[in-house]
Amino acid sequence: MKADRCTADPRGVLTGTHFIDGDHACCEGALAAGARFAAGYPITPSTEVVERFAARVPKVGGTFIQMEDELAASITLQGAVWGGAKAFTVTSGPGFSLMMEHIGYAVMTETPCVFVDVQRGGPSTGLPTLPAQADMMQARWGSHGDYEIIALCPNSPQECFDLTITAFNLAEEFRVPVMFMMDEVVGHMTEKVVIPPADEIEITPRRHTRKSVEDYLPYGTNGDGVPEMAHAGEGYNFHVTGLTHDERGYPNMTPPVQDKLVRRLQSKIRNAADRICLFEEEQLEGADVVVVSYGITSRVAQRAIESAREMGLRVGKLRLITAWPFPEKKIRNLAAKVKAFVVPELNLGQMVHEVQRAADGQARTFAVSHAGGGVHKPEDILKVIVEASKCRIV
Amino acid sequence: MSDSLVTEITNAGNPVDAILRTDRMPHIWCPGCGIGTTVNSFARALIDSKIDLGSLALVSGIGCTGRVAGYVKLDSFHTTHGRAIPFATGLKLANPNLNVVVYSGDGDLSAIGGNHLIHAARRNIDLKVICVNNLIYAMTGGQTAPTTPGHSITSTNPYGTFEPSFNLPHLVEAAGAVYVARWTTFHVRQLARSISEAFKKKGFSFIEVISPCPTLYQRRNKLGDALDTMKYYKEKSKVRNGSPTSEAGLTMTGEIIVGKFVDRDRPDYGTMMRAQYAEALGDEYVEQDQREQDRMEHDRTENDQPEMVCS
């Protein structure tokens with residue numbers, strides 16, 4: 001079933017030009033996307049998202065509940081989704097760790113929802129008030145079992161607004177949890193955010209079934225591998241389980257059913273990767289070196305890239321807006337044409353390994369790592385760009 | 001007895017078939033297990049109290065009792081271990097018109113889910129919680145639970161337990177539940193009646209059902225088979241409605257205090273929330289149901305696809 005299109009409910013949309021931080025912009029994005037339910041647990045540096053939601057949502061008809069912990073928040077929102085709401089939760093590192101089991105539950109039960117992670121330094125309590133980008137692999141692999149999710153990385157308050165809407169739309173289109181991977185700097189920086197009129201905001205509605213009770217198969221699919229959904233209380237008497245299940249939603253713990261289900265959950269995302277993978281590119285044509293970055297680091301990298309160009313180097317920019325599914329094809333195609341990739345990130349090496357894997361030996365890959373707590377100095381990235389541009393193709 | 005009568009009885013089926021996913025039978029529970037008995041009482045309560053099954057949702061956690069969700073012909077959710085209550089909380093808040101039942105075991109609700117149990121009772125979320133207490137983790141092979149009575153032999157306390165156990169009615173009363181009852185699987189009618197009563201309450205209701213696990217608890221503790229356990233329940237249960245829950249603790253072979261312990265009223269979470277918002281926000285407050293109506297109107301007037309679920 002192809003998702004129908006509609007536009008945002010104007011009551012959730014604060015049309016106008018605002019001067020707000022990324023956390024607040026994320027909240028406005030969620031409201032514009034139609035989210036009317038959030039469950040959360042306070043954690044720095046993400047709490048402002050739900051604080052604003054708690055203030056705004058009673059005026060637009062919805063609910064915020066502060067739960068007793070992140071384990072609860074991450075499943076309460078899923079109950080709300082099956083009750084008919086668009087729902088999300090917001091957290092940071094330690095809370096994100098606690099939510100992992102329920103990311104798996106959302107994948108397995110195909111519950112469309114959004115998990116916002118405003119990344120801070122880790123491991124453990126780490127740096128509660130300072131940035132990192134070290135949850136990128138956790139977002140991809142943190143829950144047990146084989147699965148695919150979608151993860152987006154905004155690099156400005158404006159994108160916190162715009163891409164939160166995209167996150168909800170993708171969640172509905174693919175019936176998958178979408179990770180919204182902010183970082184402390186993006187969350188707390190204040191910039192101009194333009195919120196368009198509601199009728200200019202495209203919203204992907206729920207894939208609600210129109211089938212009769214008799215004809216409805218809760219996990220039956222056709223074409224794109226995404227089943228239609230029903231909500232509790234509509235008379236469908238459907239069953240939802242985290243156990244391996246058949247098309248009726250009934251537990252069936254046999255290898256053939258496991259194989260069919262897990263492969264479908266994976267392929268519904270992988271087959272649409274080209275459409276899901278968003279990126280911003282600049283001067284890739286003829287580049288010797290391509291800087292691959294995302295989130296706040298992309299803004300520091302921009303400075304380094306411009307300095308390198310001033311030095312006469314041919315440097316391209318590839319900013320990942322979608323981190324997962326990883327834009328493998330894009331990197332592979334570039335790798336055939338460039339000498340090297342430079343990957344700065346606020347961790348000791350996470351997405352860089354994906355770049356290296358996709359490059360598959362056709363181009364060299366250089367990490368510019370940073371343990372978090374601040375952002376890179378542009379000159380540190382520049383140094384590696386200069387080094388990389390001297391390298392010979394292997 | 002004539003042949004025709006035999007035929008008639010056979011064709012009659014189970015009186016609670018309407019509530020069951022008969023296409024999923026046989027179930028996984030062991031012979032002598034009490035969970036099926038509780039489901040029978042639950043189904044009878046639904047039929048007797050003429051609950052609208054279309055607006056009833058059932059949420060289970062993980063474990064033997066967690067499988068109840070898979071056997072009832074309702075909108076049913078088999079969630080993660082310990083998290084049936086928070087899932088049910090989201091379901092209820094997103095659609096306050098739903099009757100939401102949480103049906104799970106003692107380990108699921110009071111150990112891994114213990115935090116959610118007390119907070120849901122404190123908030124007085126409008127949920128009906130049925131806790132089948134078999135005094136053990138049964139699905140995983142008979143390990144000690146927070147409810148296992150002292151000196152019991154379990155697979156993880158092979159020399160006998162020594163931790164004090166939870167008295168669940170006392171716990172949930174202290175946390176704020178508006179309705180608290182306990183029965184055993186011997187008390188099938190009383191249990192059904194309590195479930196029916198709970199449906200009439202608005203707020204957090206908790207019904208504990210003491211249930212045998214002949215495979216793992218009774219056997220290891222040399223307490224006989226399922227029939228012996230029924231005799232024990234019959235002989236040692238004392239019906240004490242209104243009994244202080246502090247006196248309702250369980251031992252391995254002692255008295256079992258049963259009955260309706262708590263039946264009180266206080267505003268539930270949804271009522272408190274709406275009142276607070278209305279007071280603080282006045283006309284600015286948009287109730288969720290109002291929003292639904294507005295949205296449907298919005299869709300009718302401004303959208304080409306009136307059937308579309310679009311918020």
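Trainee: What share of the residues of chain B count as buried?

Mentor: Of its 311 residues, 56% count as buried. Keep in mind that this is a predicted model. The surface that chain B does expose comes to about 13,400 Å², and carbon and sulfur atoms supply 53% of that area.

Trainee: How many helices and strands are there in chain B?

Mentor: Chain B has 12 helices and eight strands. Among its contacts with a separation of 6 or more, 68% are accounted for by residues 24 or more positions apart.

Trainee: Take Ser104(B), in strand 3 of chain B. Why is Ser104(B) called buried?

Mentor: Its relative accessible area is 0%. Buried means under 20%, so the term applies to Ser104(B).

Trainee: Which residues is Ser104(B) in contact with, leaving aside its neighbours within four places in sequence?

Mentor: The list includes Ser60(B), Gly61(B), Ile62(B), Thr65(B) and Gly66(B), and also Ile130(B), Cys131(B) and Val132(B).

Trainee: What makes the pair of Gly61(B) and Ser104(B) a polar contact?

Mentor: The backbone nitrogen of Gly61(B) lies 3.1 Å from a polar atom of the Ser104(B) side chain. The cut-off is 3.5 Å, with one atom able to donate a hydrogen and the other to accept it. On distance, 3.1 Å is within 3.5 Å, so the pair meets that part of the definition.

Trainee: Now chain A. Where is Glu70(A) found, and is Glu70(A) buried or exposed?

Mentor: Glu70(A) is in helix 3 of chain A, which covers residues 70–82. Its relative accessibility is 5%. That is under 20%, so Glu70(A) counts as buried.

Trainee: How far apart are Glu70(A) and Leu98(A), in sequence and in space?

Mentor: They are 28 residues apart in sequence, and their C-alpha atoms are 6.0 Å apart. Leu98(A) is also one of the residues in contact with Glu70(A); others include Tyr41(A), Ile43(A) and Thr91(A).

Trainee: How many disulfides does a search of the whole structure find?

Mentor: Zero, over all chains.

Trainee: Why is Cys26(A) not in a disulfide?

Mentor: A disulfide is a covalent bond between the sulfur atoms of two cysteines. The closest cysteine sulfur to that of Cys26(A) is in Cys160(A), 6.3 Å away. The cut-off is 2.5 Å, so the sulfurs are too far apart for a bond. Cys26(A) is also buried, at 0% relative accessibility.

Trainee: What is the nearest cysteine sulfur to Cys33(B)?

Mentor: That of Cys64(B), 6.3 Å away. Cys33(B) is in no disulfide.

Conventions: Residues numbered from 1 in each chain as written. Chains lettered and ligands numbered in written order. Predicted model: local features only at pLDDT ≥ 70, side-chain atom pairs only at ≥ 80, totals over all residues. Heavy atoms only, no water. Helix = DSSP H or I, 4+ residues; strand = E, 2+ residues; numbered from the N terminus. Buried < 20%, exposed > 50% of the residue type's maximum accessible area, 1.4 Å probe, protein only. Contact = heavy atoms within 4.5 Å. Areas by Shrake-Rupley, 256 points an atom, 1.4 Å probe, with all protein chains shown as cover.
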